[in-house]
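Q: I would like to learn how to read a protein model feature by feature, starting from single side chains and ending with whole elements. Could we go through one together?

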Amino acid sequence: MYLKVVRRICGQMQLQRGRAEMEVVSMGTGTKCIGQAAMSPRGDVLNDSHAEVIARRGCVRYLMEELHKAVGGRSSAVFRPSDQRGRWKLQPGVSFVFFTSHTPCGDASIIPVTDSLQPGQAQPCHPVTPVANRGGTDAGSSLKRKAEEPNEGRNSKLPHLEEQETKDGGSENPEDRNEAKPHPRAPSELQTDSAEERPQIPDVLRTGAKCVPGGPADPRLSGPGYHSAGLLRVKPGRGEPTVSLSCSDKLCRWGVLGFQGALLSHYLEEALYFSTVVVGKCPYSAGAMRRAVIDRCSHVSELPSGFSLCSPVLLQSSLEFPFSQNQARLQHRPGQGRVSPCGAAISWCNVTEQPLDVTANGFKHGVTKKALNAPAARSRLCKLELFHSFLTLVKTTDPSSLPDSLRTAELKTYWDYKQASQPYQQAWQQLCRQAFPLWPRSDRSLLLFQ
């Protein structure tokens, strides 16, 4: 997954207007989350290492550095001063594009499987078996699961279409079904999807993300009745459950609150939104993607100044990531051993110092257990490190240029600074009240670090 900054160059010559320059500012890989018991009150553990989250947190590092340039009087390619004291806004023509090589885990991955596929409705990536389970601490490939559970007929964690029980009590092999067939593609690399009525749905692709506790649950019926669409979901694990919301849910949240977070909102006149979200060639449904990322929050109103409902353009690429699950499965040969996802998460962002960050189990990769409490063990993306970067930004800012929300001596902890971003918190309250009342709130005791 990666984030791009798009700058539209508006030169004096007419031919230059509208020409776009794109720069990759953050990239991320990862499929893991830590369990609830492993979360740290010091903020030094990276809780969610899914690629979408890694890419977004890397982008926050990039934005932090650009704000450092701006408040220090240097030229920033992203920000310019606003009319509000201590606040900044985007340079003209700057926008953010989010690319993910695979459909986000959670609601967007509940994809209808139809006998007759239309362009963009379901990507013709070789049989649809390796799709759904991107959502856990151990989101294994279909090959790994098949090797470990060769004879189990109904396992909700399997990432392939599960066997349906027939009326006579037997089972139907998913290989014998009408699966997604290849279809002609448009010549362009990016395509949108039509809103036409689809044929009858015999089944849906599964997601490993589980419904949040205390709300509706999946019926787990055979065929299309297995999942309930539109629900909040947490990323699962084979061990202890996590409290990390699915990537579909987080993308939907960022479409209302922005992806900059509460801390950077102190410095920004308006929230930052993705203008476009692009999904690579993989099993995909434009309808499911729109439902998951846009429609669930489309009715939210009464947002404070600086926040709005952002409906990004949803596109799908005709290019498949060469190291996708599907390609790994196709290239695997007997005798090569199991294929399983890498346990590490990799982040790169366009910053001056330490742009590369590799983590495992929430800490820097390769750190021994004895050194876990040392600063060197912390990921540059964890809450504590991002908080320290923000505090450095505050200290760098001339006192006369501080935003009004930061002009108090009462701010000490990470929790204090987040709560002091009042417009952000008001937008968050409206989102929870109107769309996501079951969204789990972070335990305050985990946010009181300094």
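Q: Is Glu 66 buried or exposed?

A: Keep in mind that this is a predicted model. Glu 66 is buried, because its relative accessible area is 4% and the cut-off for that class is under 20%.

Q: Which residue does the side chain of Glu 66 meet in a salt bridge?

A: Side chains of opposite charge can pair when their charged atoms come close. Here the partner of Glu 66 is Lys 69, with 3.1 Å from N to O. Both belong to helix α1 (residues 51–71), where they are 3 residues apart, so about one helical turn separates them. Lys 69 is partly exposed at a relative accessible area of 23%, while Glu 66 is buried.

Q: How many salt bridges are there by this rule, and what does Asp 404 pair with?

A: The count comes to 14 salt bridges. Asp 404 forms one of them with Arg 85, where the closest N and O atoms are 2.5 Å apart. Asp 404 lies in the loop between α7 (383–396) and α8 (414–420), whereas Arg 85 lies in the loop between β5 (79–81) and β6 (88–90), so this pair ties together parts that are 319 residues apart in sequence. Asp 404 also meets Arg 407 in a salt bridge, at 3.6 Å from N to O. As for accessibility, Arg 85 counts as partly exposed at 47%, and Arg 407 counts as partly exposed at 36%. Elsewhere, salt bridges with shared partners join Asp 48, Lys 235 and Lys 250 into one network.

Q: Turning from charged to nonpolar side chains, how many residues does the largest nonpolar core have, and which of them have the most contacts inside it?

A: The largest nonpolar core has 53 residues, and those with the most contacts inside it are Leu 63, Phe 96, Tyr 267 and Phe 390. To see where such a core comes from, one asks which elements supply it: α1, β7 (94–100), α3 (247–257), α4 (261–265), β15 (274–279), α5 (286–293), α7 and α8 each give at least two residues. The largest share, 8 residues, comes from α1. A second, separate core has 22 residues, including Ala 262, Ala 427, Ala 435 and Phe 436.

Q: What does Phe 390 touch, if residues up to four places away in sequence are not counted?

A: Phe 390 touches Met 64, Leu 263, Leu 264, His 266, Tyr 267, Leu 406 and Tyr 417. Phe 390 is also among the buried residues of α7, together with Leu 384, Glu 385, Leu 386, Phe 387, Leu 391, Leu 393 and Val 394. The buried residues of this helix pack against α1, α4 and α8.

Q: How does the span of α7 agree with what its number of residues suggests?

A: The expected span follows from 1.5 Å a residue, so the 14 residues of α7 should span 20 Å, and the end C-alpha atoms are indeed 20 Å apart.

Q: In what sense do β15 and β16 pair, and what unit do they make with α5?

A: β15 and β16 pair in the parallel sense over 4 bridges, and Val 278 stands opposite Leu 315 in β16. Together with α5, the two strands make a right-handed β-α-β unit. In strand β16 (residues 313–317), 4 of the 5 residues are buried, so the strand is largely enclosed by the rest of the structure.

Q: Which residue in the loop between β17 (344–349) and β18 (356–360) has a positive phi although it is not a glycine?

A: That residue is Gln 354, whose phi is about 50°, and it is partly exposed with a relative accessible area of 42%. Asn 361 also has a positive phi, near 55°; its place is in the loop between β18 and β19 (363–364), and at 66% relative accessibility Asn 361 counts as exposed.

Q: What do the totals for the protein come to?

A: The secondary structure comes to 9 helices and 19 strands, and buried residues make up 53% of the 450 residues. Among contacts between residues at least 6 apart in sequence, 70% join residues at least 24 apart.

Notes. Residues numbered from 1 in each chain as written. Predicted model: local features only at pLDDT ≥ 70, side-chain atom pairs only at ≥ 80, totals over all residues. Heavy atoms only, no water. Salt bridge = Lys/Arg side-chain N within 4 Å of Asp/Glu carboxyl O. Buried < 20%, exposed > 50% of the residue type's maximum accessible area, 1.4 Å probe, protein only. Core = buried A, V, L, I, M, F, W, Y, C linked by side-chain atoms within 4.5 Å. Contact = heavy atoms within 4.5 Å. Expected span 1.5 Å × (residues − 1). Pairing = 2+ DSSP bridges. Right-handed = clockwise from strand over helix to strand, strands pointing away.
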